[in-house]
Amino acid sequence: VKVVALAGGTGAAKFLRGLVDVMPAADLTIVGNTGDDLEMWGLAISPDLDTVAYTLAGLVDEAKGWGVKHDSFSCRDAMAALELPTYFALGDRDLAVHLHRSERLRAGEPLSQVTGDLARRLRLGCRLIPMSDQRVATEIETPGGWLSFQEFFVRERCRPAVLGVRYVGAEQAAPAPGVIEAVLAAERVIICPSNPVSSIGPILAVAPIRRALAATRATVVGVSPIVGRAPVSGPAGKMMEARGVEVSAVGVAELYREWLDALLVDRGDADLAPRIAEHGVRALPTEIIMRDHAAEVELARAVLDVAL
Ligand code: GDP
């Protein structure tokens, strides 16, 4: 079965680690969010692509959920001593990927080619494609003005109120090569348990991707990142409120309603099924918290097993 997964960072990566245990990686195409990419120290940083790649490669720092395990931060310390920006943490080993990516982008290669090559070097087995080779920048409106996603997320630690969210450049952005073909050829499209506004939102903001999702004959299955009235982690709640949807699996279904066939929700949210059905989405209560690798695998199997 050919599968396409729309993915953010940490939540998606855990799920995908389970998924490659229950299906041939060669049949999987991951479309990754680049809306929270940034530049620092002259380096091109793609946090979500790297979180997915490091996790699938077994290199991720498990405690943090991002970065390289057993990494050191000497470079960052030296930057701090020079009073240079260090709010976004890049470990010393992590620099290798960033130096390499930045060099190739500077030479004019598209991000999709650099990412595909990195996926091969890390022996992921699946395809990892950024949603677009063009810059799409997620920005968060706060009482103090618009912030880049990482200024909000890392520098301000998600503290400011969220008044709005925009995806600068998304309407003009073209999907990266292979994205549309993969969506149209897929038998299953998975919307990973990711932040619907800052991780999946930017992917859906690219118009041809939205059209391909509407046109595909694949069954589109999502996993709710919201349990009860709160996200499992992170600022998805504030961002969904800013988008005017309820912070619950119902709100997730509403955001994805144009494309989604089924949504895996927490067992405790089974009573939301009729309201989710109003959005044309079938709610499937199951265990959606990934406490350990066995739970990641079980959740992946449940997503593949959905039959409509
Ligand atoms: P980010 O770019 O690192 O924020 O990555 P994602 O958007 O992929 O992941 C964050 C989202 O994953 C948050 O909205 C969480 O609520 C959700 N999440 C994290 N862990 C779990 C889990 O175990 N189960 C489910 N269902 N969602 C999770």
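The following exchange concerns a sheet and the helices of a predicted model.

Reader: Why are strand 2 and strand 5 said to pair?

Author: Two strands pair if there are at least two bridges between them. Strand 2 (residues 28-32) and strand 5 have four bridges, in the parallel sense, so the criterion is met. At one of these positions, Thr29 has Arg127 in strand 5 as its bridge partner.

Reader: What makes strand 5 and strand 14 edge strands?

Author: The open sheet has seven strands in the order 5-2-1-9-10-13-14, with parallel pairing. Strand 5 (127-130) and strand 14 (282-286) each pair on one side only. Neighbouring strands of this sheet are turned by 25° against each other on average, direction ignored.

Reader: How is helix 2 placed with respect to strand 2 and strand 5?

Author: Helix 2 (residues 47-56) lies across both strands and runs at about 170° to strand 5. Angles between N-to-C directions run from 0 to 180 degrees, so a value of about 170° lies towards the upper end of that range.

Reader: Which residues make the contact between helix 4 and helix 5, and what classes do they belong to?

Author: The axes of helix 4 (residues 94-106) and helix 5 (residues 111-121) come within 10 Å and cross at roughly 145°, in a right-handed crossing. Helix 4 contributes Val97, His100, Arg101, Arg104 and Leu105, while helix 5 contributes Leu111, Gln113, Val114, Asp117, Leu118 and Arg121. By class, the contact has five nonpolar, two polar and four charged residues.

Reader: Why is Val97 counted as nonpolar and Asp117 as charged?

Author: Val is listed among the nonpolar residues and Asp among the charged ones, so Val97 and Asp117 are classed accordingly.

How values were computed:
Residues are numbered from 1 along each chain as its sequence is written. This is a predicted model: local features need pLDDT of at least 70, side-chain atom pairs count only at pLDDT 80 or more; totals for chains, interfaces and linings use all residues. Side-chain values use heavy atoms; hydrogens and water are left out. Helices (H or I, at least four residues) and strands (E, at least two) are DSSP runs, numbered from the N terminus. Contact means heavy atoms within 4.5 Å. A crossing is left-handed if the near helix is turned anticlockwise from the far one by less than a right angle, and right-handed if clockwise.
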